[in-house]
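Here is a short briefing on one protein structure. Please keep the sequence and the model open as you read.

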Amino acid sequence: MHRILFAALLSCVSTIQVAASDFPAPNDTQPLTIPFPTAKESLALMKLPPGFKATVFAAEPDVNNPIACAWDAKGRLWVAENFTYGDNNERYNLKLRDRILIFEDTDNDGVHDKRTVFTDQLQMLTSIERGLGGVWGMAPPHLLFIPDANGDDVPDGPPQVVLEGFSTEAASRHTFANGLKWGPDGWLYGRCGISSTSFIGVPGSKQEERLATAGGMWRYHPTRKVFDIVCAGTTNPWGHDWNEHGELFFINTVIGHLWHGIHGAHLKRMHGQDLNPRVYQQMEQIADHYHWDTGGSWTDSREGAKGSKGADALGGGHAHVGMMIYQGTNWPEYYRGKVFTLNMHGRRVNVEKLERNGSGYVGKHEPDILKSDDPWFRGVEITYGPDGGVYILDWSDIGECHENDGVHRNSGRIYKITYGDAVKPKEADLTKVSDEELVKLQLSDNEWLVRNARLELRERANRDKALTSLAPSLYTQFHAAPNIAKKLNNWWALRILADFTKSDHESPLIHDNLANIYRDSIRLNDPILKSWAIRSVSPAGPADKLNYSESGNLLVEIAKGEVTSTERLVLASSLKTLHPDQKVKLGAVLLARADDSNDPNLPLMYWYGIMDLPPGELVKLFADCQIPLVRKFIARRCAEDIESDPTALNGLLALGKHQADVLLGMGEALDGWAKAKKPEAWDAFAAKIEDDAAAKEALQGLSLLFGDGRAIDDIKKIALDDKADFAQRNNALQSLITAKAEGLRQICEKLLKTRGLNMTALRGLALFDDPAIGKQLALSYRNFYPNEQPVLIETLTSRKGFAKALLDQMAANKVPKTALTVIHARQIRSFKDEALDKQLAEVWGEIRESSADKQKLIADLKAKLTPEVLAKGDPHAGRVLFNMACAACHKLYGEGHLIGPDLTGSGRKDINYLIENIVDPSALLAADYRMTIVTMKDGRVLSGNVAAKSDRTLTLKMVGLEQVLELEQIANTQQLPVSLMPEGLMQAFNEEQVRDLMAYLMTDTQVELK
């Protein structure tokens, strides 16, 4: 229960308000195993090419633990300091707080001369951005907005929650949501790591309204208040930027460092399966190289600066943090447009050259531009400023990037790198520049001025200043611009003004000019301009006065014309935004192009766009599809329903076309199956197979599957093949478990640490009554995601030998005691083992079920929770507690799970009803919610509510999972006169929390999360 309270505190932590004078002093937990150099000494250890020089812009004590930065229109650098980053394997330190600072260099000598604390009231702060009258902060679980409308660098009020749901349960703290940056399209972009799934929505949104993400890029539109997944996958993205044509690129760790942020893409994941099970193949990174030896373990490259495993020569190692595409005016032209990213273990700045490759790009390895011999150098962000000088944030610590050896919180540096002397532009303070001059700056070669002038125009429009008169100038500049990049700058500026036009009678001037730009871009027939025109009319784009049907029809007409692969990539991205009928129309046009078959992006992007169509609709696209990979995936999708609804598969077989692709797709769908029911159209299809070697081989395998079944040895090979598709391996493992195949235990033990397969392996190991397995499972607790750990605990309490291993690990503090609920404790006691009961009491505590104790507690609570006390309750905070402590079993206002009763229509307005049912949940208990103990013939003991029962099976609902059990495998069932709901809930909360929870439970309508 303490874990629940801790999580509840964390979910509110982003809005805690504490006086600046109470800022706790950050503590160092990193042992000084090597001397800590001064900033001047560190600077001397930095190696740069001839002509470059570096200065210490800021250093401790003025800056500590800098994790992110942003620029404002005055040319000031805003820096986020993160002190709450956990140490020694702790996720976060909530005794500390994080800070936002403002640095100014008024004489442009490369050293700051003014420092301002904007706020020190945040926790888990990973990124900041300026704009729209305040500061945006990523502080999981929230995206925050801190208002400062008058621009006096003092918050106007407490942080406002813009989005909620960013997971704080990541297995590693460095995979939290991070990285706020305004895109050229006016959206606020961010990043998210792979280690746990986040369900994102605006405050108060229902679960079904939220979007799930577990790795990749996302964006939020500030006026439409829309959250959108840009692309999914990778490992831990921690840096991104846009090139001159507005294409998004980002960096990542381990599985590839450089990625093209294509909208709608599903990118390679470090482990596990994509959240969408129809993603049969993921896209690779765009770099044609790695910065470490992929022939060995990625962990070997952590000493990249020392040359371990060739990492030094290859680029320094697997971990990349911070990224910029340089478009400033100080560094030599040779570097313009190239990607720069900090290599954590290599202590250097890697350089990549972007070149066109089919519909996308390829990244080419360039020589490193900077390397530090300071072992404390830990660069985390890189950006260029108004004068083109480049700033590098240095976390300044030693050890490995996960901070397993502690954190040195009283250190941090910001370096400035220039080529010769950098000259600050006269427009560096854009707040003093006229509207007309801001428009002219869209033609500047200084991208810092271009972007920030555009954002300053947005600020003025947001302050109700009418800027519609600027539209004709931007349209004129669009045509007069000397190249495509500068044309786009004017287009984007006009688009952003349209988002913030407050006056309806003035808006036509902007929208008419936008329409003219769109038409002219199509007429000019440049692939980059046409790509942005396509983005504009996509249903996910900003087109005005177009409904979904009109957008779809327009996209279809564009696709039918002369379009390059660059434009087709954007059309492919738009597929996922269309209604199904429009999706089929556009898909048919795109899939008819055989020349796209070998493009590095288009076949997969076409599939991602149509993969969620019903199988019957996919069959309509199959016959004329000229992309073999998509044909194979359509066949695979249809074959997945072979047992439940083979209609689409039979329709596909009846076509008799592209037989090899059909067979290969079916083979992938059914790989790992031991036996399958033969489709009605199979024999006729098989009789007409053409003389193709691959088709013949696939035919033999499927015929075997539809006949006597596939050999168990073949299924084992699939399950253990680490290069095979995760879905196929999972199917194979499930087949082995169903068949109770020989060697099952050894296979499951091998796969227990494989993310994406470990949950299935867990179910297999649960079949074996061996204490050694229990010990192995208990030791693997940290290898499971937080949302999977309750299922592991359920398994560990299902057998006596397993339970002992679990309690042993709890005694050793390897498994938190809070992981065990009263339900699990009762399950352990059901073994009636005296020694086990004694160990349970020593490690976890006693289960107190005294009726007198309950009655006294009920009376005490009724006396304390008077109407006056309840009136002071905070239902917003109560909702947080409900989500943490109650929603796993109960629904309220449509949120939660239905293991227990839905509370929405209960007698919640009566405080006596609430107290009595929470303190003594077994007193008045419907038969449907009584705890059932199920003893299996293999020795397992399971507990839950019986959700359904048939002639052959019993469905048991447990906390964290639902399991279907065969009746013939059940030895005994016993229904107890007690509830699954744990007692002692109220004792875990303090008086204020009890009051807030009751206030929420008694509300008439849903309240927003704080």
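The points below cover the overall make-up, one helix pair and one residue in a strand.

This is a predicted model. The protein has 1010 residues, and 60% of them count as buried. It contains 33 helices and 34 strands.

**Overall make-up**
- The exposed surface of the protein comes to about 39700 Å². Carbon and sulfur atoms supply 51% of that area.
- Take the contacts between residues at least 6 apart in sequence: 65% of these join residues at least 24 apart.

**Helices α12 and α13**
- Helix α12 spans residues 580–591, and helix α13 spans residues 602–610.
- Their axes come within 10 Å and cross at roughly 165°. Angles over 145 degrees count as roughly antiparallel, so α12 is roughly antiparallel to α13.
- The crossing of α12 with α13 is left-handed.
- From α12, the contact uses Lys583, Leu590 and Leu591. From α13, Tyr606, Gly609 and Ile610 meet them.
- By type, the residues of this contact are four nonpolar, one polar and one charged.

**Thr213 in strand β14**
- Strand β14 covers residues 211–213, and Thr213 lies in it.
- Is Thr213 buried or exposed? Its relative accessible area is 3%, and the cut-off for buried is under 20%, so Thr213 is buried.
- Leaving aside residues up to four places away in sequence, Thr213 touches Cys192, Ser196, Thr197, Ser198 and Ile200. Ile229 and Leu275 also touch Thr213.

Definitions and conventions
Residues numbered from 1 in each chain as written. Predicted model: local features only at pLDDT ≥ 70, side-chain atom pairs only at ≥ 80, totals over all residues. Heavy atoms only, no water. Axes fitted to C-alpha atoms, helices over the stretch in contact; angles between N-to-C directions. Helix = DSSP H or I, 4+ residues; strand = E, 2+ residues; numbered from the N terminus. Parallel < 35°, antiparallel > 145°, perpendicular 65-115°, else oblique. Left-handed = near helix turned anticlockwise from the far one by under 90°. Contact = heavy atoms within 4.5 Å. Nonpolar A, V, L, I, M, F, W, Y, C, P; charged D, E, K, R; others polar. Buried < 20%, exposed > 50% of the residue type's maximum accessible area, 1.4 Å probe, protein only. Areas by Shrake-Rupley, 256 points an atom, 1.4 Å probe, with all protein chains shown as cover.
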